[in-house]
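Dear colleague,

Please find below the structure that I am handing over to you. My notes on it follow directly after.

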Amino acid sequence: MAAPSGAHRLPMEGDAQASPASGSNMSPGSSDEYYSGATGKVSLAASERQALRERLTPDAAGIVLCMVGLPARGKSFISRKVERFLNWRGFSTKSFNVGMYRRDAVDPERSGRSDYFDAENSTALAARQEAAMKALIDALVFLDDGGKFAILDATNSTLQRRHMIGEKVAAHSRQYSLIFIEALCDDEEVLEANMSTKVQFSPDFKNMTSEQALADLKIRIAKYAEVYEPVQDHEGASIKLFNLSSKVMANHCYGRVAKSILPFLMAIHIGGRPIWLVRAGAGQPPGTGQGSPTRHDRTSRLSEEGRSLAIGLAAFVRRRADEYWRSIGKPQEPTLVITSTMPRAVASVCYTTLVHDQRSALNPVDKGAIGEGWWDVECPSDVPPWKEVEFRHPEFMAQWRKNPVRCHFPGGESYNDVVMRLEGVLLDVEMCTTPVLIVSHVTTLQLLVAYFRGIPLDQAWELPVPRNTVFEVLPTPGGSFHCEEHRIDTSAFPSPEEEGEAPAVGCGGGRTCSVDFENSNPHAKRQRVATSEDLGAAYCRCLPVACPV
Ligand SMILES: Nc1ncnc2c1ncn2[C@@H]1O[C@H](COP(=O)(O)OP(=O)(O)O)[C@@H](O)[C@H]1O
Ligand SMILES: O=P(O)(O)OC[C@H]1O[C@@](CO)(OP(=O)(O)O)[C@@H](O)[C@@H]1O
């Protein structure tokens, strides 16, 4: 039998010792024997095996991620999340939902009923097969046009269907790989919740009562279950997710897939905790002796306005976190707070929390020679002063406009560099099951906002990130995000003079900081948090805070 051309035909386990002899004349049963889905066993030379591996490395021209799983296992949810994440990472990715193709071809009033999913219903089976093929062809055309990942979102529940997909991908291009992502779930509670989400949102159940819809979906699932064949190792590269990623198995995953998709799949969950993104409070204006006159952004302490933001932010986070935990009926757990390492960012959370994480990954983009001496000091607007950059460095701006994602500030970073350092933070945010607060700066927040709003990366540099505004992100059941902006009224908090408090000593964040040492840590000071009525009695407490400067 001829050696397979599709990357979906990958070595079986235990073949690492295979001899380098040419596979084409190896006898069946030798150590260099491979299995190709439904076609049976074939032989493969070591060089061909290596070539298969190379197709799954970052140089692979295109990868089809083929979802597998019974209905209501989270396939579309996972597809949407992976699509958003990979696009944000700079890999052009598109999801193709076969259900949509089916509904386009045959009205959901007919094609959405359980009898349409009966394996014995040959007309429906042929129509469903056709819908799957159309989606696959569009997926391949997308890769031909320069896409890196195409996600085929369907049940793909039989070996025969998956084999057909493999054949088609291989025949189309030897440069394309196929990876199965299978979602398995036998947790009854999760399944019940998933099914009620499905009947609520799927157009298939539009004109039915929820009882009718649920009953019909259960019959549909049972019909799929009758013919369902889980992905086997010999089918090629695959990732299996069991019960909301409580167990993840990876088979022949290399390169990009191993580096980015796998950790992402392990991080995502279905929790609905809020995520808050906020720009660090305003710093002292240049020339006030607070911080370096040339690297204002990096060294300055909070101004009065910035301090008010810090107080208002504490009140906002407290209120919204209370509301969240109450809404899900669970006891409060601490909010995860992550800031950049800039003093202003650190100081912005000192009324909010005792414990937080500082990450240099959240520091502003390194503007290299372009930023030196003026941008950090003079940037008064809510977005980087691109007009001024254009005026001072027209040649640079011309390059920038051509590729605002990969163009580097001379001697500094590109937005893509920032995405790469933000990836770890984003995974932590996705992974976290409690509310999250991130305090950072314009460029990093532009990129994070682009992720949550699903905005293409090349538009991120122009996104406004206003001061004193919390960008609130709420995950939706479908795997997307609902985003809202909340303005913090920084005029609502009295100045230290009005409150008769001593000004802050050595702490960029607190005007009510006293200099008593909390303990042997010279940076831990005892701070009384604002007593303003806006904050309520809950905030009138003594908190030890890590002094940011
Ligand atoms: N890995 C997973 N296992 C089980 N359920 C999941 C998983 N990921 C997401 N879900 C949940 O499944 C629900 C239904 O998901 P959906 O993507 O419509 O299912 P499918 O496409 O498999 O029919 C989602 O609202 C989500 O809460
Ligand atoms: O062609 P198969 O593999 O059955 O999968 C596509 C089918 O997936 C289904 C299975 O219920 O779910 P969905 O629309 O949620 O993505 C059907 O809509 C769709 O026709």
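Which polar backbone atom lies 3.0 Å from an oxygen atom of ligand 1? The atom belongs to G74, and the distance qualifies as a polar contact (a pair of N or O atoms within 3.5 Å; within protein, one must be able to donate a hydrogen and the other to accept it, and residues adjacent in sequence count only if both atoms are side-chain atoms).

Before the remaining findings, a note on conventions. This is a predicted model, in which local features need pLDDT of at least 70 and side-chain atom pairs count only at pLDDT 80 or more, while totals for chains, interfaces and linings use all residues. Residues are numbered from 1 along each chain as its sequence is written, chains are lettered from A and ligands numbered from 1 in the order in which they are written, and side-chain values use heavy atoms, with hydrogens and water left out.

Overall description

The protein has 549 residues, of which 54% are buried (under 20% relative accessible area; exposed means over 50%, and partly exposed in between, with a 1.4 Å probe and protein chains only). Its secondary structure comprises 19 helices and 17 strands, taken as DSSP runs numbered from the N terminus (helices H or I, at least four residues; strands E, at least two). Of the contacts (heavy atoms within 4.5 Å) between residues at least 6 apart in sequence, 66% join residues at least 24 apart. The accessible surface is about 23,800 Å², and carbon and sulfur atoms account for 53% of this area; the areas come from the Shrake-Rupley method with a 1.4 Å probe, and for residues only the protein chains shown count as cover.

Ligand 1

Around ligand 1 there are 16 residues (near means a heavy atom within 4 Å), and A72, K75, F77, N194 and P477 come nearest. Besides the G74 contact, oxygen atoms of ligand 1 meet a backbone N or O atom of S76 at 2.9 Å and one of P477 at 2.8 Å. On its own ligand 1 has 570 Å² of accessible area, and the protein covers 92% of it. Helix 2 (75–88) and helix 7 (188–201) are the elements that give two or more residues to this shell.

Ligand 2

The shell of ligand 2 holds 17 residues, the closest being R102, T155, K198, R220 and Y224. Side-chain N or O atoms of three arginines approach oxygen atoms of the ligand: R102 at 2.5 Å, R220 at 2.7 Å and R128 at 3.4 Å. Taken alone, ligand 2 exposes 460 Å², and 96% of that is buried by the protein. Helix 3 (98–105) and helix 8 (210–227) each supply at least two residues of the shell; helix 3 gives the most, with 4 residues.

The six-stranded sheet

One open sheet contains 6 strands in the order 4-5-3-6-7-8, with mixed pairing (strands pair if DSSP finds at least two bridges between them). Strand 4 (93–97) and strand 8 (247–251) stand at its edges with a single partner strand each, so one side of each is left without a neighbour in the sheet. Neighbouring strands are turned by 15° against each other on average, direction ignored. Within this sheet, strand 6 (176–184) and strand 7 (238–242) pair in the parallel sense over 5 bridges, and I181 has I239 as its bridge partner in strand 7. Helix 6 (159–172) packs on the sheet, touching strand 3 (62–68), strand 5 (149–153) and strand 6, and its direction makes about 160° with that of strand 6 (axes are lines fitted to C-alpha atoms, for helices over the stretch in contact, with angles from 0 to 180 degrees between N-to-C directions).

Strand 12 and its partners

In strand 12 (436–440), 5 of the 5 residues are buried, so the strand is largely enclosed by the rest of the structure. V436, I438 and S440 point one way, and L437 and V439 the other. Strand 12 pairs in the parallel sense with strand 9 over 5 bridges, with V439 the bridge partner of V278. Strand 10 (336–339) also runs parallel to strand 12, joined to it by 4 bridges, and I338 is paired with I438.

H269

H269 sits in the loop between helix 9 (255–267) and strand 9 (275–279) and counts as buried because its relative accessibility is 18%. Its side chain reaches the backbone nitrogen of G271 at 2.9 Å, and a polar atom of that side chain lies 2.9 Å from the backbone oxygen of E430.

With kind regards
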